[in-house]
Amino acid sequence: MVLGMAMESELPHEKLKSIRQILDSEPLLPPTLLELLSWASTYYHHSIGEVIATALPVLLRRGLSAAATGEKRYALTDEAHQVPTETFQRSPLQRRLFQAMCQHAEGMQAAALAEVAENWRDAMKRLEARGLIRITEEPCLLSKSADRHLIPQRSPTQEEASATIRAALGRFQCLLLHGVTGSGKTEVYLSVIEDVLARGGQVLVLVPEIGLTPQLIKRFEGRLTAPVAVMHSGLNESERLCAWQAARTELAAVVIGTRSAVYTPMPKLALIIIDEEHDASFKQQDGFRYHARDVAIKRARLEGLPVLLGSATPALESLHNAQQGRYQLLSLPERAGAAQPPVVTLLDLRRLKLNEGLSPPLIEALQTRLLRQEQSLLFLNRRGFAPVLMCHDCGWLAPCKRCDARLTLHRDVRVSREAGSRERPFHQRSRQLRCHHCGAEAPLPVNCPACGSGNLHGIGEGTERIETALARLFPQARVERIDRDSTRRKGSLEEKLRRVHAGEADILVGTQMLTKGHDFPNLTLVGVLNADQGLYSADFRSEERLVQQLVQVAGRAGRADKPGEVLIQTFHPDNPVFAALAHHDYREFGRYALAERAAAHYPPFAHLALLRAESPKPDAALAFLRAAHTLAEALTEAEVVHLMDAVPSPMERRAGRYRAQLLVQAGERKALHDFLSAWLKRLEHEKRGRQVRWSLDVDPVEMF
Ligand SMILES: [Zn+2]
Ligand SMILES: [Zn+2]
């Protein structure tokens, strides 16, 4: 990547590389985007080469020219329609393709053809050689949906929010749209997007990975007449390049994408929207550790346009910025239509006896829903059957050999219901121990390795165990489990969601995969099984995450004509987290949590950077960080920052590597960055650094 030219260089001659070939006739990235990337390189203290590599589609990184072709569409020629099917008597594969294509006059793309026959390409070549096939190429944009959605009646608060955003077009401004779940944030986005498109502008919409649901895409397709490109991790590399090109050449007016789409070149960009702005997946957790929301805000500033952050549960940082007047706060305090917020009730586990993780009031509420033929959702953030396998005679707990963690017991049971049994389970092995941190798998021991007893039992509940318990309690109910294990096969999540929407499921059991982007109109009960997991954790963000998750999952209950109910099982009903939840007042939680952060000097009242190191050798990581600490003390820049001690990470050993971390805290952002620059220069020459793998995380989101 050539960024500039110079007549001389400080680098030794042998380190310089010569330009062998110029691949593109024009610069790939516009100046504003290069400026953004150069800012990101400085801000995250990451090399500009890797930063630019992140911003480019993989195929361009590999040296392919940016003059990309579109996606191929195969259709029958006019003559082909006269050909009788019997012609292909001797080639069943060609006949199958031919027949499928007869039914698709508009043509078919690779994905659809692969559904007809996995090895379709050779047969297609033969058909093509006979002059029966016409190939066209098209940019990778969403196909226009035939059924146009009607514009719903907008509430006065929705209109007001749209008007404020519209008024901000054409200049930099950061707006925070805080709308309760079901308040119609997407409708506000769409109405402003339509305005921008009418003026000839482009819009970039960033969503979390699990928020990019088929439902969301359909909604955009159904409403916007302009071409939309989608960018997410499920695309293959040529599809990604194709979408990138469509944005760059203005073929696509709207780009909907996950994290890395923030770097998409869009010459007419007029608005950036970040949906679920609080979501942790906007932060890249390895390599170039940028935060897409923060990069988007910087981009909006550089390009002089507004950026809209939307959430039912804004990040505390964003709430704080709104309180300080840096962001303009817009509110949608009520659910759209006549819908009422769900009634939240706490179930005090100190007084209730659990039946495999389910309390009597929750079981009764499930029963009522079954009788009324309404759907229920049980939420717990724990995959597998039981989180620990324990020997009841000596107390042995099955450990992971490579991590400081326990193995999770998986049973992969299949509930004997038609709905559930139609698909083959992904893991054919039935009982197994698995590590959720490194992926290691082990067979279930028959006897305890410590004392030889056969008295081994799973302790605690995971989604699989709840699924089994429900099958026993409600043999007539159709249970659908949705977690990472049950949706591993491509298309299985879509199929499960389809069944839920079609009313072919009564009870959903799932992890946080279920908390976002799904509207289930017939769902009236949400049960939270282990709300306490996020309380009293070592990570200062865990409480915020718990509340965000609970608000999101509670928001699945009830819609216009059917009021919802939320039952939360907890051992700590007095925790203020739950009060805010019951009052439907997220900002009440925000006020109390921000006061705590201020007292503890945590973000947004301080700026953090985390230096991490890891090594297969037990003490190498810690030794390097201790050396780093000593180096820092010698720097004058260190006088205005606060360095914690180097400590082993909360889970020290993971996948066979020993990990340690060192936290730097500063009141002023500039002071932090001045220190980091000086420090990193020294660290690069520290010889202990060569024996470990180390990285710097600016504004860390995960503290592990
Ligand atoms: Zn034992
Ligand atoms: Zn492990």
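Helices here are DSSP runs of H or I with at least four residues, strands are runs of E with at least two, and both are numbered from the N terminus. With that in hand, here are some close-ups of this predicted model.

**Figure 1. A cis bond between two prolines, Pro 603 and Pro 604.** Look at the peptide bond that runs from Pro 603 to Pro 604: its omega is near 5 degrees, which is a cis bond. Pro 604 sits in a loop, with α19 (586–600) on one side and β22 (607–615) on the other.

**Figure 2. The zinc ion called ligand 1 and its cysteines.** Four sulfur atoms hold the spotlight here: the SG atoms of Cys 391, Cys 394, Cys 448 and Cys 451 are the protein donors of this zinc ion. They lie 2.2 to 2.4 Å from the metal. The angles subtended by the four donor atoms run from 106 to 112 degrees, so the arrangement around ligand 1 is tetrahedral. For reference, the ideal angle for four tetrahedral donors is 109.5 degrees. Read along the chain, the donors of ligand 1 follow the pattern C-x2-C-x53-C-x2-C. How buried or exposed are Cys 448 and Cys 451? Cys 448 has a relative accessible area of 3% and is buried, while Cys 451, at 40%, is partly exposed.

**Figure 3. The zinc ion called ligand 2, with four cysteines of its own.** Which residues supply the protein donors of this zinc ion? They are Cys 400, Cys 403, Cys 435 and Cys 438, each through its SG atom, at 2.2 to 2.3 Å from the metal. Angles among the four donor atoms span 105 to 115 degrees, and the site of ligand 2 is tetrahedral. Along the chain, the donors of ligand 2 are spaced as C-x2-C-x31-C-x2-C. Two of these donors come from separate loops: Cys 403 is in the one between β13 (388–391) and β14 (408–410), and Cys 438 is in the one between β15 (432–434) and β16 (441–443), so this pair ties together parts that are 35 residues apart in sequence. Cys 403 is buried because its relative accessibility is 2%, and the cut-off for buried is under 20%.

**Figure 4. Tyr 74 meets Trp 120 edge-to-face.** The model has 14 aromatic pairs, and this is one of them. The ring centres of Tyr 74 and Trp 120 are 5.4 Å apart, with 75 degrees between the planes. Where do the two residues come from? Tyr 74 belongs to strand β1 (residues 71–76) and Trp 120 to helix α6 (residues 120–129), so the pair links parts that are 46 residues apart in sequence. Both partners are tucked away: Tyr 74 is buried at 8% relative accessibility, and Trp 120 is buried at 4%.

**Figure 5. A tilted ring pair, Phe 288 and Tyr 290, and its aromatic cluster.** The centres of these two rings lie 4.9 Å apart and their planes meet at 35 degrees, so the pair counts as tilted. Phe 288 is buried, with 2% relative accessibility, and Tyr 290 is buried too, at 0%. Zoom out a little and both turn up in one aromatic cluster, together with Trp 39, Tyr 43, Tyr 44 and Tyr 263.

**Figure 6. Two non-glycine residues with positive phi, Glu 356 and Gln 373.** Glu 356 has a phi near 50 degrees. It is in the loop that joins β11 (343–348) to α13 (360–372), and it is partly exposed, with a relative accessible area of 26%. Gln 373 has a phi of about 55 degrees. Its loop runs between α13 and β12 (375–379). At 65% relative accessibility, Gln 373 is exposed.

**Figure 7. Inside the second largest pocket.** Rolling a probe the size of a water molecule over the atoms shows where empty space is left. The second largest pocket has a volume of about 1400 Å³. Of its 31 lining residues, Met 1, Val 2, Leu 3, Gly 4 and Ile 19 are the closest to its centre. Two helices, α2 (48–55) and α3 (58–61), each give at least two residues to the lining. Which of the elements gives the most? That would be α2, with three residues. Sorted by class, the lining holds 19 nonpolar, six polar and six charged residues.

Notes
Residues numbered from 1 in each chain as written. Chains lettered and ligands numbered in written order. Predicted model: local features only at pLDDT ≥ 70, side-chain atom pairs only at ≥ 80, totals over all residues. Heavy atoms only, no water. 1 Å grid on protein atoms, 1.4 Å probe; cavity = no way out; pocket = protein on both sides within 12 Å on 5 of 7 lines; lining within 4 Å. Points joined across faces, edges and corners; volume = space filled by probe spheres on them. Nonpolar A, V, L, I, M, F, W, Y, C, P; charged D, E, K, R; others polar. Donors = N, O, S within 2.8 Å, 3.2 Å for Na, K, Ca; no water. Tetrahedral: all angles 85-135°; square planar, octahedral: opposite > 155°, others 65-115°. Buried < 20%, exposed > 50% of the residue type's maximum accessible area, 1.4 Å probe, protein only. Phe/Tyr/Trp six-rings, centres within 6.5 Å; stacked < 30°, edge-to-face > 60°.
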